[in-house]
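Student: Pick one part of this protein and take me through it up close, please. I'd like the site itself, then whatever around it helps me place it.

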Amino acid sequence: RRKAGVEALLLSRIGLDVFPAVILQMMMDRFRTLVVDRILEDVGKSGMSLHQVITLASIVEREAKMPEERPRVAAVFLNRIKAGKKLQSCATVQYALGKVKPVLSLKDLKVDSPYNTYEHLGLPVGPICSPGIAAIQAVLYPSDDTALFFVSKGNGWHEFTTSFRLHRKAANQFEKQREKQR
């Protein structure tokens with residue numbers, strides 16, 4: 001017997017005559033069951049709307065490569081929001097560009113998009129991906145961290161700093177390391 005592909009498995013459960021709107025409703029119902037019903041009370045306590053939590057969690061999902069860092073990354077963004085600073089998330093710029101680039105140029109950081117958090121204060125207009133429950137929990141239960149910045153070390157981990165001066169110092173240090181590796 002041939003192994004059935006994902007399409008065959010999905011279509012065998014919902015049938016070929018299901019309209020896209022019905023499929024979308026099924027996905028939303030599943031999201032509500034798996035996520036919303038579990039976190040709704042915590043969202044209320046967070047001071048954010050569900051839309052804001054999911055939007056910020058989507059950024060955390062894309063920025064934090066290591067699961068252990070999700071609460072710290074969430075804390076940085078929440079600290080920046082509280083301080084009235086732009087989020088300056090590379091993940092939102094990549095979403096606005098429609099592609100992931102290993103290094104963003106200064107021109108990239110100026111892309112005209114409501115998703116560009118280098119140009120616009122606050123959260124983007126909506127999520128940049130579908131966040132996992134761990135990223136959502138990180139937003140609802142961030143670490144108790146005062147950091148306002150983080151920079152990639154190039155190995156999936158980040159260096160967290162409390163000032164722009166320390167951030168630039170760390171960024172320069174990791175850039176020099178990357179140059180040596182080339």
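**The largest pocket and its surroundings**

Tutor: Let's start with the helix that gives most to the site: α7 supplies the largest share of the lining of the largest pocket, seven residues. Keep in mind that this is a predicted model. The space inside the largest pocket comes to about 1300 Å³. Its lining is made of 38 residues, and those closest to the centre are Cys90, Pro102, Leu104, Tyr118 and Ser152.

Which elements supply at least two residues each to that lining? They are α3 (50-63), α4 (70-82), α5 (90-97), β1 (149-152) and α7 (164-181). If you sort the lining by class, you get 19 nonpolar residues, nine polar ones and 10 charged ones.

Now zoom out to see where those elements sit in the chain. The protein has seven helices and two strands, and from the N terminus the order reads α-α-α-α-α-α-β-β-α. There are 182 residues in total, and buried ones make up 35% of them.

Two of the lining elements, α4 and β1, are handy landmarks for what comes next. Take the loop between α6 (133-140) and β1, where you'll find Asp144. Is Asp144 buried or exposed? It counts as exposed, because its relative accessibility is 84% and the cut-off for that label is over 50%. Asp144 and Pro71 are 73 residues apart along the chain, yet their C-alpha atoms are separated by 8.6 Å.

Asp145 also deserves a stop, since it forms a salt bridge with Arg72, with the closest N and O atoms 2.6 Å apart. This pair ties together distant parts of the chain: Asp145 is in the loop between α6 and β1, Arg72 is in helix α4, and their positions lie 73 residues apart in the numbering. The two partners are not covered alike. Asp145 is buried because its relative accessible area is 16%, and the label applies under 20%. Arg72, at 33%, is partly exposed. As background, side chains of opposite charge can pair when their charged atoms come close.

How many salt bridges does the model have? The count comes to four. Another of them sits past β1: Lys153 pairs with Glu159, with 3.7 Å between the closest N and O atoms. Here both partners are partly exposed, Lys153 at 31% relative accessibility and Glu159 at 29%.

Stay in that stretch for a moment. Trp157 lies in the loop between β1 and β2 (158-161), and it counts as partly exposed at 33% relative accessibility. Its C-alpha atom is 6.5 Å from that of Met66, although the two residues are 91 apart along the chain.

Going back to α4, follow the chain on towards α5, another of the lining helices. Gln88 is found in the loop between α4 and α5. What stands out in its backbone is phi: the value is near 50°, which is positive in a residue other than glycine. Gln88 is partly exposed, with a relative accessible area of 35%.

For contrast, have a look at helix α2, which spans residues 20-46 and holds Ile23. Ile23 joins Leu24, Met27 and Met28 in a nonpolar surface patch of about 370 Å². Ile23 can belong to that patch because its relative accessible area is 31%, and patch members need over 30%. So Ile23 is partly exposed.

Helix α2 also has a salt bridge of its own, between Glu41 and Lys45, where the closest N and O atoms are 3.4 Å apart. Why does this pair span about one helical turn? Because Glu41 and Lys45 are four residues apart in helix α2. Both partners are exposed, Glu41 with a relative accessible area of 60% and Lys45 at 63% relative accessibility. Set that beside Asp145, which is buried.

How values were computed
Residues numbered from 1 in each chain as written. Predicted model: local features only at pLDDT ≥ 70, side-chain atom pairs only at ≥ 80, totals over all residues. Heavy atoms only, no water. 1 Å grid on protein atoms, 1.4 Å probe; cavity = no way out; pocket = protein on both sides within 12 Å on 5 of 7 lines; lining within 4 Å. Points joined across faces, edges and corners; volume = space filled by probe spheres on them. Nonpolar A, V, L, I, M, F, W, Y, C, P; charged D, E, K, R; others polar. Patch = residues over 30% accessible without salt bridge, like charges linked within 9 Å, V, L, I, M, F, W, Y side chains within 5 Å. Areas by Shrake-Rupley, 256 points an atom, 1.4 Å probe, with all protein chains shown as cover. Salt bridge = Lys/Arg side-chain N within 4 Å of Asp/Glu carboxyl O. Buried < 20%, exposed > 50% of the residue type's maximum accessible area, 1.4 Å probe, protein only.
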